[in-house]
Amino acid sequence: MERILNEVRPVITNAMNDRLLEPFTREELEHTLFQMFPTKAPGHDGMPALFFQKYWHIVGDKVANKCLQILNGEGSVREFNHTLIALIPKVKMPTTVSEFRPISLCTTVYKMIAKTIANRLKFVLPHVITENQSTFVPNRMILDNVMATFEIMHTIKGVKKGHDIKMALKLDMAKAYDRVEWVFLHEMMLKLGFSPIWVAKIMDCISTPTFFVLWKGTPLGHIMPQRGLRQGCPLSPYLFLMCTEGFSSLLCGAERRGDLIGVQVARGAPSVTHLLFAYDSILFTKATKDACMALKTLFKIYEAVSRQQINYSKSAFSLIRMP
């Protein structure tokens, strides 16, 4: 883990931490509630957001007081963190567990708490997540990196001189959210500069759930997870981006040391070694034995520390000889 953390630079300032740690207000909570889609599948309590939106004038005082108590550090979200898992088939006739996508159905009260935290986190996210990542960050679009990828590939193929061979790797992470190591995420947030109080607030949300699997409409089991982020939790996309910052920092460090040589689309333009699309990524570098060995080492380090695993069956590799 030290190898990754040494490459990460703190970016959260004291002013940002002060903004994050301001007392939460009822107005923030109400804004969050009415942002939520009314009729999404309810969690363990059976009540969708529509119930709270419709009858907020009746239940609002009690719900708001309890949520604000937890948000302002006077309790744990554990009692509301019971989660149902719905298995959504990814293929027409699934035959293995890996062909299902597990969607977490959290309780509405938990979602209100987590989404209120996420709304504050979004203000500092553009400062935390490097420009290589274009997904889930405010004012960025995934198409930005798509167009950048096409431009880089066009540049590589259009060069009229030189004998270098460039390689492009498209990497897919297997069950990316489910494998996230909590210790790694905790250390990444601290290294990025987040206050320990803020980190503890987030870790309380992601490390206290219990799971029940919905099978033919009946909840089965009582699972206590040891790692992973839930697809369905409002915090998960943003927390996963912080994990990928570890991978991005490793690649940037390798480029600084000269282990990887990226691609320039124009004279004077910055060199590009990687572009990220949430849990997918595309890498560009000069195709040499040293570069391949460096990448292999970086993959092993990142997989061991974050528990992510490259899905080679969905990944792709391309060599491009420059004429």
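Student: How many disulfides does a search of the whole structure find?

Tutor: This is a predicted model. A disulfide is a covalent bond between the sulfur atoms of two cysteines. Two cysteine sulfur atoms must lie within 2.5 Å to count. The search of the whole structure gives a total of zero.

Student: Which cysteine sulfur is closest to that of Cys205, and why is there no bond?

Tutor: Cys205 is buried, with a relative accessible area of 2%. Its closest cysteine sulfur is 6.7 Å away, which is too far for a bond. That sulfur belongs to Cys233.

Student: How far is the nearest cysteine sulfur from that of Cys243?

Tutor: Cys243 is buried too, at a relative accessible area of 1%. Cys243 is in no disulfide. The nearest cysteine sulfur is in Cys233, and the distance is 13 Å.

Student: Is helix 10 largely enclosed or not, and how many of its residues are buried?

Tutor: Helix 10 covers residues 236-257, which makes 22 residues. From first C-alpha to last it reaches 32 Å, close to the 32 Å expected. Just after helix 10, Gly258 takes a positive phi of about 90°. The helix is largely enclosed by the rest of the structure, because the buried residues number 18 of the 22.

Student: In what order do the four strands of the open sheet lie?

Tutor: The pairing in this sheet is mixed. Strand 2 (100-106) and strand 5 (218-223) are the edges, each pairing on one side only. The order is 2-1-4-5.

Student: What is the bridge partner of Val213 in strand 5?

Tutor: Strand 4 spans residues 210-215. Four bridges join it to strand 5, and the two run antiparallel. In strand 5, the partner of Val213 is Leu220.

Note on methods: Residues are numbered from 1 along each chain as its sequence is written. This is a predicted model: local features need pLDDT of at least 70, side-chain atom pairs count only at pLDDT 80 or more; totals for chains, interfaces and linings use all residues. Side-chain values use heavy atoms; hydrogens and water are left out. Two strands pair if DSSP finds at least two bridges between them. The expected span of a helix is 1.5 Å times one less than its number of residues. Buried means under 20% relative accessible area, exposed over 50%, partly exposed in between (1.4 Å probe, protein chains only).
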